[in-house]
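User: I would like to go through this structure by question and answer. Please keep the replies short.

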Amino acid sequence: MSFLFGNRSSKTFKPKKNIPEGSHQYELLKHAEATLGSGNLRMAVMLPDGEDLNEWVAVNTVDFFNQINMLYGTITDFCSEDSCPVMSAGPKYEYHWADGTNIKKPIKCSAPKYIDYLMTWVQDQLDDETLFPSKIGVPFPKNFMSVAKTILKRLFRVYAHIYHQHFDSVMQLQEEAHLNTSFKHFIFFVQEFNLIDRKELAPLQELIEKLTTKDR
């Protein structure tokens with residue numbers, strides 16, 4: 001299933017990089033899905049015994065990209081240049097886009113444009129075999145964890161935008177349970193490995209406390 005971002009973008013966001021069947025990463029993904037099925041998200045995010053942390057973070061980052069891609073895809077009709085002229089997560093938080101290569105100076109842009117830039121940028125990172133090697137035995141680069149942290153920090157902003165600006169639409173579509181479970185899984189994962197600074201999570205701090213206190 002792929003989502004076309006209306007006429008705003010000729011790029012089709014495809015659920016990322018299907019992890020190749022038979023690969024070790026595919027086995028890890030299956031392990032993650034099986035433990036998720038148990039309903040215990042705290043357990044599901046833990047590093048499986050004997051596994052490489054980089055590989056575990058890589059597999060889950062790909063999975064979160066897919067989930068967010070699909071969740072945002074369900075509400076693109078409600079997220080337009082008119083309804084969301086800036087990329088925000090409530091009145092106090094506004095995001096400006098820069099990727100450090102093509103756009104060095106942060107630019108103010110609409111939410112759909114920002115999310116288009118963001119998802120395209122993430123997809124390019126995930127497709128880069130030097131950053132996210134899919135072949136067995138190919139080592140992860142030394143800067144892998146800092147790249148993964150930047151990706152996850154930016155993906156969080158899409159959740160934050162959906163919750164702050166489009167939660168009514170999510171409820172109308174009866175997608176809130178799906179969104180909450182996905183976000184809770186994401187938060188447990190980044191908390192387990194300390195992947196996003198607390199200050200970055202501020203726009204959804206109350207929700208995070210609400211979703212995570214039940215599982216202590």
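**Binding site and helix packing**

Analyst: At 1% relative accessibility, Y72 counts as buried. The model is a predicted one.

User: Which helix holds Y72?
Analyst: Y72 is a buried residue. Its place is within residues 53-75. That helix is α3.

User: How far apart are the C-alpha atoms of Y72 and V170?
Analyst: Along the chain, Y72 and V170 are 98 residues apart. In space, their C-alpha atoms are separated by 9.7 Å.

User: At which residues does UniProt place the feature "binding site"?
Analyst: The UniProt entry is unreviewed. The residues span 88 residues in sequence, yet no two of their C-alpha atoms are more than 9.9 Å apart, so they gather at one spot. The record names C79, C84, H161 and H166.

User: Is H166 buried or exposed?
Analyst: H166 is found in helix α5, residues 144-172. Its relative accessible area is 3%. The cut-off for buried is under 20%. H166 is therefore buried.

User: Which residues does H166 touch, not counting residues up to four places away in sequence?
Analyst: UniProt places "binding site" at H166 and also at C79, C84 and H161. H166 touches each of these three. The full set of contacts is I75, F78, C79, C84 and H161.

User: Where is C84 found, and what is its relative accessibility?
Analyst: C84 lies in the loop between α3 and β3. C79 is found in that loop too, and C79 is buried at 0% relative accessible area. C84 also counts as buried, and its relative accessibility is 4%.

User: Which residues does C84 touch, not counting residues up to four places away in sequence?
Analyst: Among the contacts are C79, H161 and H166, which carry the UniProt "binding site" feature. The full set is C79, S110, A111, P112, H161 and H166.

User: How are α3 and α4 oriented to each other?
Analyst: Helix α4 covers residues 111-127. Its axis lies 11 Å from that of α3, and the packing angle is about 150°. Angles over 145 degrees count as roughly antiparallel. α3 and α4 are therefore roughly antiparallel.

User: What is the handedness of the crossing of α3 and α4?
Analyst: The two helices pack at about 150°. α3 passes α4 in a crossing that is left-handed.

User: How many nonpolar, polar and charged residues are in the contact of α3 with α4?
Analyst: From α3 come T61, V62, F65, I68, N69 and Y72. From α4 come P112, I115, M119, V122, Q123 and L126. By class, the contact has nine nonpolar, three polar and no charged residues.

How values were computed
Residues numbered from 1 in each chain as written. Predicted model: local features only at pLDDT ≥ 70, side-chain atom pairs only at ≥ 80, totals over all residues. Heavy atoms only, no water. Helix = DSSP H or I, 4+ residues; strand = E, 2+ residues; numbered from the N terminus. Buried < 20%, exposed > 50% of the residue type's maximum accessible area, 1.4 Å probe, protein only. Contact = heavy atoms within 4.5 Å. UniProt positions renumbered as here; feature names shortened; annotations may be inferred. Axes fitted to C-alpha atoms, helices over the stretch in contact; angles between N-to-C directions. Parallel < 35°, antiparallel > 145°, perpendicular 65-115°, else oblique. Left-handed = near helix turned anticlockwise from the far one by under 90°. Nonpolar A, V, L, I, M, F, W, Y, C, P; charged D, E, K, R; others polar.
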